[in-house]
Amino acid sequence: MRHTTKFRSLVEADDILVLPGIYDSLSARMAELAGFQALVGGGYAATASLIGAPDIGQLGMAEMADHYARLCGAVEVPVLADADTGFGDAINVARTMRAYERAGVAALIIEDQVAPKRCGHMDGKRVIPVVDMIAKVKAAVDARTDADLMILARTDARAIEGLEAAIERAQLYRAAGADMIFVEAPLSIDEMSYICSEIEAPCLANNVEGGKTPILDAARLEEIGYAAVAFPVSAAYVTAKALHGFFAALRESGDSRAYADQMLSFTAFHDIVGLPRLREQERACDAFARELLERAADPAPEE
């Protein structure tokens, strides 16, 4: 089954889809090994990982498409990608769609912020006119070659124009062809429930620790009506805290042994990154090459 088809089936299933946030190929591999059926790679964590900077629209389309190609190449499960504002107008969105599709993503998010955008839980956001975002959604729908590749239309209008305006925008984006809707940064559980009741489309919840929206577990979000929930920054926060502690201890003591029980072993790490499989592939290729040379050096006599 194609990753696009798999992701769509997971979204349309009765159970809510839990999407752990990943930011590089190793974190993607770890999430896959934990048993998650699909992953999300948000721009917030990607920006921190790739250039050590905040999510205020500093990465370009080519950088992000290349990033997602690496993520998708590292795992065998679908990846939901962040396409920010589409990196321009409708024509740019079409190009972004083609680039992301070549990268192997199963679905992507396009938002209605003014570029350069910023994290949806930061203050100071602005949104583009609704007509411009409708054109972007239309461009994305027309540009995709795989009809199962889901387009998630995100609106950040809650913080600027209010909840009713955000829902109205979401309904229009759905009418323009969006497969799924993401109303960013609702302020209460009541708002979250209202969003799901008013939008006739699968909705994505966004659990950002420290953000503006209440953090709810997957079961409660499913009761409210969400089809999927993303935890886009959690792994990046966990990793940053762990590395902060480790590097401080290493600098202080000049020794890593105090963290030995918090590390994977040499062998376990190699198992995760697939070294045994590559070694087996090397052996198989070497055996084939040697056998071919032996046959060439000593051809069978003609009958």
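## Helices lying on the five-stranded sheet

Helix α5, made of residues 90-103, lies across the strands β3, β4 and β5 (150-155), and its direction is at about 155° to that of β4. A second helix, α8 (residues 163-175), lies across β5 and β6, where it runs at about 160° to β6. The model described here is a predicted one.

The sheet beneath these helices is open and has five strands, which follow one another in the order β2-β3-β4-β5-β6 with parallel pairing. Because β2 (39-41) and β6 (180-183) stand at the edges and each has a single partner strand, one side of each is left without a neighbour in the sheet. On average, and with direction ignored, neighbouring strands of this sheet are turned by 20° against each other. Within the sheet, strand β3 (residues 79-82) pairs with strand β4 (residues 107-111) in the parallel sense over three bridges, and Ala 81 has Leu 108 in β4 as its bridge partner.

## The three-stranded sheet

Another open sheet is formed by three strands in the order β1-β8-β7, again with parallel pairing. Here β1 (17-20) and β7 are the edge strands, each with a single partner, so one side of each is left without a neighbour in the sheet. Neighbouring strands in this sheet are turned by 20° against each other on average, when direction is ignored.

Strand β7 is joined to strand β8 (residues 228-231) by three bridges, and the two strands run parallel. Asn 206 has Ala 230 as its bridge partner in β8.

## Aromatic pairs

The count of aromatic pairs comes to four. One of them is formed by Tyr 68 and Tyr 100, a tilted pair with 5.3 Å from centre to centre and 50° between the planes. Tyr 68 lies in helix α4 (residues 61-74), whereas Tyr 100 belongs to helix α5, so the pair ties together parts that are 32 residues apart in sequence. Both Tyr 68 and Tyr 100 are buried.

The rings of Phe 246 and Tyr 259 also pair, and because their centres are 5.4 Å apart and their planes stand at 75°, the pair is edge-to-face. Phe 246 lies in helix α11 (residues 234-253) and Tyr 259 in the loop between α11 and α12 (266-272), so this pair ties together parts that are 13 residues apart in sequence. Phe 246 is buried, as is Tyr 259. Ring pairs link these two residues with Phe 247, so that Phe 246, Phe 247 and Tyr 259 form a cluster.

## Cavities

Three cavities of 30 Å³ or more are counted in the model, and the largest cavity has a volume of about 220 Å³. Its lining is made up of 22 residues, of which Gly 42, Asp 82, Arg 154, Asn 206 and Pro 232 are the closest to its centre.

Helix α3 (43-51) and strand β7 (204-206) each supply at least two residues of the lining of the largest cavity. The largest share of this lining, three residues, comes from α3. Asn 206 thus appears in two settings, being among the residues closest to the centre of the largest cavity and also having Ala 230 as its bridge partner in β8.

Methods. Residues numbered from 1 in each chain as written. Predicted model: local features only at pLDDT ≥ 70, side-chain atom pairs only at ≥ 80, totals over all residues. Heavy atoms only, no water. Pairing = 2+ DSSP bridges. Helix = DSSP H or I, 4+ residues; strand = E, 2+ residues; numbered from the N terminus. Axes fitted to C-alpha atoms, helices over the stretch in contact; angles between N-to-C directions. Contact = heavy atoms within 4.5 Å. Phe/Tyr/Trp six-rings, centres within 6.5 Å; stacked < 30°, edge-to-face > 60°. Buried < 20%, exposed > 50% of the residue type's maximum accessible area, 1.4 Å probe, protein only. 1 Å grid on protein atoms, 1.4 Å probe; cavity = no way out; pocket = protein on both sides within 12 Å on 5 of 7 lines; lining within 4 Å. Points joined across faces, edges and corners; volume = space filled by probe spheres on them.
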